[in-house]
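Me: I'd like to go through this one with you and hear the reasoning behind each label. Can you take me from the labels back to the cut-offs?

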Protein chains: 2
Amino acid sequence: MDLDERKLKILQAIIRNYLETGEPVGSRTISKYTDLNLSSATIRNEMSDLEELGYILQPHTSAGRIPSDKGYRLYVDRMMLEKEEQLNQATQEVKELQRILLEREDKMESVLKQMAKMLATNTNYATMISAPQVRGNKLKFIQLSRVDKCQLLTTIVVEGNVIKNSMITVDELLDDETLLKLNILLNTNLNGLPIEEINLAMIAKLKQQAGDHAGIVAEVMDAVASQIKNDENIEIYTSGANNIFKYPELADNQRASELITTFEEKQLLTELVNETLTDETGTGIQVYIGNETPVKTMKDCSVVTATYELEEGMKGTIGIIGPRRMDYDKVIDTLKTLKSQLDTIYKKDDGQTGTKIDYDR
Amino acid sequence: MDLDERKLKILQAIIRNYLETGEPVGSRTISKYTDLNLSSATIRNEMSDLEELGYILQPHTSAGRIPSDKGYRLYVDRMMLEKEEQLNQATQEVKELQRILLEREDKMESVLKQMAKMLATNTNYATMISAPQVRGNKLKFIQLSRVDKCQLLTTIVVEGNVIKNSMITVDELLDDETLLKLNILLNTNLNGLPIEEINLAMIAKLKQQAGDHAGIVAEVMDAVASQIKNDENIEIYTSGANNIFKYPELADNQRASELITTFEEKQLLTELVNETLTDETGTGIQVYIGNETPVKTMKDCSVVTATYELEEGMKGTIGIIGPRRMDYDKVIDTLKTLKSQLDTIYKKDDGQTGTKIDYDR
DNA sequence: ATTAGCACTCCTTGCGGTTGAGTGCTAATA
DNA sequence: TATTAGCACTCAACCGCAAGGAGTGCTAAT
């Protein structure tokens, strides 16, 4: 049995209707809803076929039909193809995004938080954004400065302008000259070096050259090391977790509790981010329906993600998490425009006037 | 009518029982539960009195009694007095705390996050911790460093070792000498200055002295300004929000949604932090029952908070949020030990070897 | 191929009765 | 006078049952 045009239309009608109401939809409804001018009986026959093919299912006999994951999948795939041609109009979301970006927020963190929030309020779903990951991890700059009599400040900058500070308390009193020497030692040996290449031998050599002040070198290296460690757990911001309560199918205690935990322990979301970053489909938009999602707690949800890229290799993920009966149309559209905005805004002016954002931690 | 010893014992028994079960407790239960050897009829009479006095109430006729806010309040006050003498034993929590602190985590943020999490898992309530607030806001150190040909790094350290960085992109090529001059200019004029005293006149003067490089000074001042702004919204970490689902009285959609939102939009918790930091009761432990809490969304919860102090003036708040029928005994005990640990650990060694924590942002 | 008609399924709703925990009151008791 | 036993009463919770209704599958007619 094959999916002819009519079956597709009916399936689409079922899904559209179910997205709105969240209730199983019956044959009579479809018979009126569509412009096919078919009686409910005919629709019933077709629905019976669709069920056999696995695109829809019945919660129980004598109930209407609801879309299956397979049905949603077909719907989403077709829809995304149709959308491809359509121009991205300037939506409300884009306007808000521009407002946010224009506000000269100089902290990546707060920009991302605001974006997540904006998306959540606009879509009525839960959202997450991962901060762009720096791939290359070359050391760009190391500096020791005296802040107090016995307190030194280490400042480390790695490629991508991620900055890291830490305080070191010293026993010995260092004169300015020694400090300068240490700075030169560190910079000449480490600048431009990929962090991975800093091994024990390297550290031993540095310590030896530092002589009396090997302890300080050790502390600086600790700070560098913790920079690497810190890079492994991606920064993720979420918003609108409370939106799940708007969808009865997610709002029962069991599920809600699990989902809330997932949003709180953002670590659980890294799996999602990793998944999206590796699996490239060209458009940069991914749709995970129900069991397809990489995070088990979201098996009753659908997740739509977009990967964005700021500079070469600085990739991040935006995700929208809602019920299976998510308004895929709107969500995909929103993410597409957002993604293209982000991609272009940051790519077009990579010169002098560059963005105001720095990736300060 | 007065509260004699017997009434108190009965009230206490009612509350104890209710804390455990969450169900209204009846006269027969109390008659068996206590060692008073009274029949249920007598208990009924006493309960009737207690209800008239407002310490307990009936959800409906022919149901048992549950404690009122007034009843809880009495219970908590008495209990805390009794506890006063009792020694703090080394509980599970303290052991874990010590483990966390010993792990040499050098980021305040991750220590606090871990503490919140630890508390949440140990108590089965939702928790929050506010990062210690710096009161005095003197500038301690300002530095401009060259990172790249046309990128400068501003490093600002204020009293309390809060560090702030930002990147500045410059059009003009600065030679090292100019950079040194700018650094001297900034440091001689600003070091030790309370941030509030940096006014327009001051800035104008600096700009004038900087001559050609007034633009850079402006950007540095912007960075300082955003440091102030950033200080207004307190950093708050939460954990265990999902625990609210363990208490049916909080787990209905309406309430749960509100609470989750409160935990997500941590700004709403600042009110709570401010409240606790001002209202000093000596012990540093506060208990808010039901409507007493400063955050409206928590009107059906109880909140127990402790204020801790790291260095002079560096105060923060730890809060535990649960249902009215919270295990006050355990929670207060836990917070007390935690607080005293924090207070002492940080106060006893304020010399050379000082703590490993720096307040890097 | 489509549709009208009909029997059937099964969830939902509402209703009445029963149960049981708990109360308040009264009268008896120590 | 304080306590207690006893009893009638209340009310949420539970159960079973019938009615209603939305929806289906099937069959026969168009």
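Reply: Here is a round of questions and answers on the terms used for this structure.

Reply: Some ground rules come with it: this is a predicted model, local features need pLDDT of at least 70, side-chain atom pairs count only at pLDDT 80 or more, and totals for chains, interfaces and linings use all residues. Residues are numbered from 1 along each chain as its sequence is written, while chains are lettered from A and ligands numbered from 1 in the order in which they are written.

Me: Why is B:Val224 called buried?

Reply: A residue is buried if 20 or more other C-beta atoms lie within 10 Å of its own, exposed if 12 or fewer, and partly exposed in between, with C-beta atoms placed from the backbone. B:Val224 has 21 other C-beta atoms within 10 Å, so it is buried. Buried residues make up 38% of the 361 residues in chain A.

Me: Where does B:Val224 sit, and what is it in contact with beyond its neighbours within four places in sequence?

Reply: B:Val224 belongs to helix α9 (residues 214-232) of chain B. Helices (H or I, at least four residues) and strands (E, at least two) are DSSP runs, numbered from the N terminus; chain A has 12 helices and 10 strands. Contact takes C-beta atoms, placed from the backbone, within 7 Å, and outside that sequence window B:Val224 is in contact with B:Ile156, B:Ile195 and B:Ile198. The C-alpha atoms of B:Val224 and B:Ile142 are 9.4 Å apart, with the two positions 82 residues apart in sequence.

Me: What makes a set of residues a nonpolar core, and which residues touch the most other members of the largest one?

Reply: A nonpolar core is a set of buried Ala, Val, Leu, Ile, Met, Phe, Trp, Tyr and Cys residues joined through C-beta atoms within 7 Å. The largest has 124 residues, and A:Val304, A:Leu335 and B:Leu335 touch the most other members. Beyond four places in sequence, A:Leu335 is in contact with A:Ile285, A:Val304, A:Ala306, A:Ile318 and A:Ile320. There is also a second, separate core of 44 residues, including A:Leu190, B:Val158, B:Val217 and B:Ala223.

Me: How do you know that the two copies are related as by a two-fold rotation axis?

Reply: Copies are superposed by least squares on the C-alpha atoms of residues with pLDDT of at least 70 in both. A turn of 180 degrees and a shift of 0.1 Å along the axis lay chain B on chain A with an RMSD of 0.1 Å. The copies are thus related as by a two-fold rotation axis.

Me: And why say that the copies meet through the same surface?

Reply: Because 100% of the interface residues of chain B are also interface residues in chain A. The contact takes 32 residues from each of chain B and chain A. On the side of chain B that touches chain A, α10(B) gives the largest share, six residues.

Me: What makes a residue near a DNA strand, and which come nearest to strand C?

Reply: Near means that the residue's C-beta atom, placed from the backbone, lies within 6 Å of the strand. Around DNA strand C there are 20 residues, and A:Ser39, A:Thr42, A:Ser62, B:Gly26 and B:Ser27 come nearest. α3(B) gives the most to that surface, with four residues. For DNA strand D, the closest of 20 residues are A:Gly26, A:Ser27, B:Ser39, B:Thr42 and B:Ser62, and α3(A) gives the most, with four residues.

Methods: Contact = placed C-beta atoms within 7 Å.
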